[in-house]
Amino acid sequence: MELTFYTAGAVAVISTIMMLTRLNLVHSLLYLIVSLLAAAVDFFVLGAPFAAALEAIVYAGAIMVLFLFVVMMLNIGRHGAETERQWLTPGIWIGPVILAGILIIEVAYVVQGGSAGLGTGATGPKEVGIALFGPYMIGVELASMLLLAGLVGAYHLGFRKTEKPEIQHDTGTDERRADTGGDLVLAGADRPARTT
Amino acid sequence: MLNAAGLAFVVGGSRWHQADGQVMFVFILAMAAAEVAVGLALVLQIYHRFKSLDVDAISEMRG
């Protein structure tokens, strides 16, 4: 059990170092995902399956998708296909794949062994839930308030006045549409071009 | 850094067989999520205002 813990820890440290030294944002995001997954495996080995699931779902799932969305929004059409083709060379994804492969082998080993937990026994989600909504009730309320504040702040900061009116889709086309005799290819060819 | 703090909490919780460590980890997770949302919104706002993410170009403060 200790070997699995230290292996996952080593994977986390290596991937974090690789993440910090990459020059390309997407490459570091790949390594960051591997690092978070390694931390999740660490939690699982330590006997905290609920924390491991949360780490994998919230960090590696939701927050990384948020990062990727921002990266995509900022990279609009300047470099285009050239850099994208450059990103798909095997030298880029072979490192994260190796590290993630180590993690997968380790998870398979732990699940096969059946006994999660570096010490004795695991703390399941039930105890966590009971503690969360028992003595830590006020903490839950504070966390919800913090999330609400984050939501409002992110909305306010992301808000941007629309400079041009929205594109209105042409809805009243039925009377203007020429009869093409069921030819779907030509249908709508005489519609006025949409100005953007 | 937040991950390291959460890992420390989980280790402590598993050492004494208490659920408190994971409870603290849940709180850290919520805080990190809120923080990331605000930070990314800031980055977007900077990009829209300066059309660049070069921190050297964004030197509006005098001093």
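Is Phe5(A) buried or exposed? Phe5(A) is buried, at a relative accessible area of 17%. The legends below describe a predicted model.

**Figure 1. Phe5(A) and Tyr6(A) form an aromatic pair.** The whole structure holds three aromatic pairs, counted over all chains. In this one, the ring centres of Phe5(A) and Tyr6(A) lie 5.4 Å apart. Their planes meet at 70 degrees, so the pair is edge-to-face; planes over 60 degrees apart count as such. The two partners fall into opposite classes of exposure. Phe5(A) is buried, because its 17% relative accessible area is under the 20% cut-off. Tyr6(A) has a relative accessible area of 55%. That value is over 50%, so Tyr6(A) is exposed.

**Figure 2. An aromatic pair links chain A to chain B.** Phe43(A) sits in helix H2 of chain A. Its partner, Phe25(B), sits in helix H2 of chain B, which covers residues 20-50. The centres of the two rings are 4.8 Å apart. With planes at 70 degrees, the rings of Phe43(A) and Phe25(B) are edge-to-face. Are these two residues buried or exposed? Phe43(A) is buried, with 0% relative accessible area. Phe25(B) is buried too, at 1% relative accessibility.

**Figure 3. Chain A and chain B meet in a contact that buries about 3,300 Å².** Carbon and sulfur atoms account for 78% of that area. Which three residues supply the most of chain A's share? They are Leu74(A), Tyr136(A) and Leu157(A). Together they give 19% of the area that chain A buries against chain B. Chain A brings 39 residues to the contact, and chain B brings 35 residues. How many salt bridges run between the chains? The count is zero. Residue pairs in polar contact between chain A and chain B, with both residues at pLDDT 80 or more, also number zero.

**Figure 4. Helices of chain A face chain B.** Four helices of chain A each supply at least two residues to the side that touches chain B. They are H2 (25-45), H3 (49-74), H6 (125-132) and H7 (137-158). Which helix gives the most? H3(A) does, with twelve residues. What classes of residue make up this side of chain A? There are 27 nonpolar residues, seven polar ones and five charged ones.

Terms used: Residues numbered from 1 in each chain as written. Chains lettered and ligands numbered in written order. Predicted model: local features only at pLDDT ≥ 70, side-chain atom pairs only at ≥ 80, totals over all residues. Heavy atoms only, no water. Contact = heavy atoms within 4.5 Å. Buried area = accessible area lost by both parts, 1.4 Å probe. Salt bridge = Lys/Arg side-chain N within 4 Å of Asp/Glu carboxyl O. Polar contact = N/O pair within 3.5 Å; in protein donor to acceptor, adjacent residues only side chain to side chain. Nonpolar A, V, L, I, M, F, W, Y, C, P; charged D, E, K, R; others polar. Phe/Tyr/Trp six-rings, centres within 6.5 Å; stacked < 30°, edge-to-face > 60°. Buried < 20%, exposed > 50% of the residue type's maximum accessible area, 1.4 Å probe, protein only.
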